[in-house]
Amino acid sequence: AGAAEVGRSSPPRKVQRTELVGKRMMKTFAGHGTFVGEVVSYDQESGYFQVTYEDGDKEDLSRAAVQAGVRRFQQAQAK
């Protein structure tokens with residue numbers, strides 16, 4: 001039973017990552033300004049999140065970049 005439990009450690013991580021889907025985030029693009037985007041999906045194969053920004057641009061980002069952007073958005077909203 002112990003080996004089966006070890007093999008089942010992936011689903012909790014998957015849930016953690018997908019919790020970011022639907023969140024809003026902020027990112028600054030040099031020379032273009034700061035934009036708000038929404039995390040629209042998570043690609044389990046690549047490990048990247050797709051973000052769609054207010055201007056319609058899309059970008060694939062790592063979990064760390066998404067988490068930083070979500071924190072930045074939340075901090076901006078708290079002010």
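Where does Tyr 53 sit in this chain? Tyr 53 is in strand 3, and that residue makes a handy starting point for a walk through this predicted model.

Let's get the layout first. The protein chain has three helices and four strands. Reading from the N terminus, the order is α-α-β-β-β-β-α. The chain has 79 residues, and 19% of them are buried. About 5600 Å² of the protein chain is exposed, with carbon and sulfur atoms supplying 48% of that area. As for how the chain folds back on itself, take the contacts with a separation of 6 or more: residues 24 or more positions apart account for 36% of them.

Now back to Tyr 53. Is Tyr 53 buried or exposed? Tyr 53 counts as buried because its relative accessibility is 5%, and the cut-off for buried is under 20%. Leaving aside residues up to four places away in sequence, Tyr 53 touches Met 25, Lys 27, Phe 29, Phe 35, Val 36, Gly 37, Glu 59 and Leu 61. Val 40, 13 residues away along the chain, has its C-alpha atom 9.9 Å from the one in Tyr 53.

Some of those neighbours bring us to the aromatic rings. A pair of aromatic rings is described by the distance of the centres and the angle of the planes. Searching the whole structure turns up three aromatic pairs. One of them joins Phe 29 and Phe 35 edge-to-face, with 6.0 Å centre to centre and 65° between the planes. Phe 29 also pairs edge-to-face with Tyr 53, this time at 5.3 Å centre to centre and 85° between the planes. Phe 29 belongs to strand 1 (residues 24-29) and Tyr 53 to strand 3 (residues 48-53), so this pair ties together parts that are 24 residues apart in sequence. Put Phe 29, Phe 35 and Tyr 53 together and you have one aromatic cluster. The two phenylalanines count as partly exposed because Phe 29 has 24% relative accessibility and Phe 35 has 22%.

Tyr 53 also has a place in the largest nonpolar core. That core has 10 residues: Leu 20, Met 25, Val 39, Tyr 42, Phe 49, Val 51, Tyr 53, Leu 61, Val 66 and Val 70. At least two residues apiece come from strand 2 (33-43), strand 3 and helix 3 (63-78). Strand 3 gives the largest share, three residues. The general background is familiar: in soluble globular proteins, nonpolar side chains tend to be buried together.

What about charged side chains? Side chains of opposite charge can pair when their charged atoms come close. How many salt bridges does the structure hold? There are two. Arg 24 forms one with Glu 54, where the closest N and O atoms are 3.6 Å apart. This pair links distant parts of the chain, as Arg 24 is in strand 1 and Glu 54 is in the loop between strand 3 and strand 4 (58-61), 30 residues apart. Arg 24 is partly exposed at 36% relative accessibility, whereas Glu 54 is exposed, with a relative accessible area of 58%.

Glu 59 and Lys 27 form a salt bridge too, and their closest N and O atoms are 2.8 Å apart. Glu 59 is in strand 4 and Lys 27 in strand 1, so the pair ties together parts that are 32 residues apart in sequence. Lys 27 is partly exposed, at a relative accessible area of 24%. That closes the loop nicely: Lys 27 and Glu 59 are both among the residues that Tyr 53 touches.

Methods: Residues are numbered from 1 along each chain as its sequence is written. This is a predicted model: local features need pLDDT of at least 70, side-chain atom pairs count only at pLDDT 80 or more; totals for chains, interfaces and linings use all residues. Side-chain values use heavy atoms; hydrogens and water are left out. Rings of Phe, Tyr and Trp (its six-membered ring) pair if their centres lie within 6.5 Å; planes under 30 degrees apart count as stacked, over 60 as edge-to-face and the rest as tilted. Buried means under 20% relative accessible area, exposed over 50%, partly exposed in between (1.4 Å probe, protein chains only). A nonpolar core is a set of buried Ala, Val, Leu, Ile, Met, Phe, Trp, Tyr and Cys residues joined through side-chain atoms within 4.5 Å. Contact means heavy atoms within 4.5 Å. Accessible areas come from the Shrake-Rupley method with a 1.4 Å probe; for residues, only the protein chains shown count as cover. A salt bridge is a side-chain nitrogen of Lys or Arg within 4 Å of a carboxyl oxygen of Asp or Glu.
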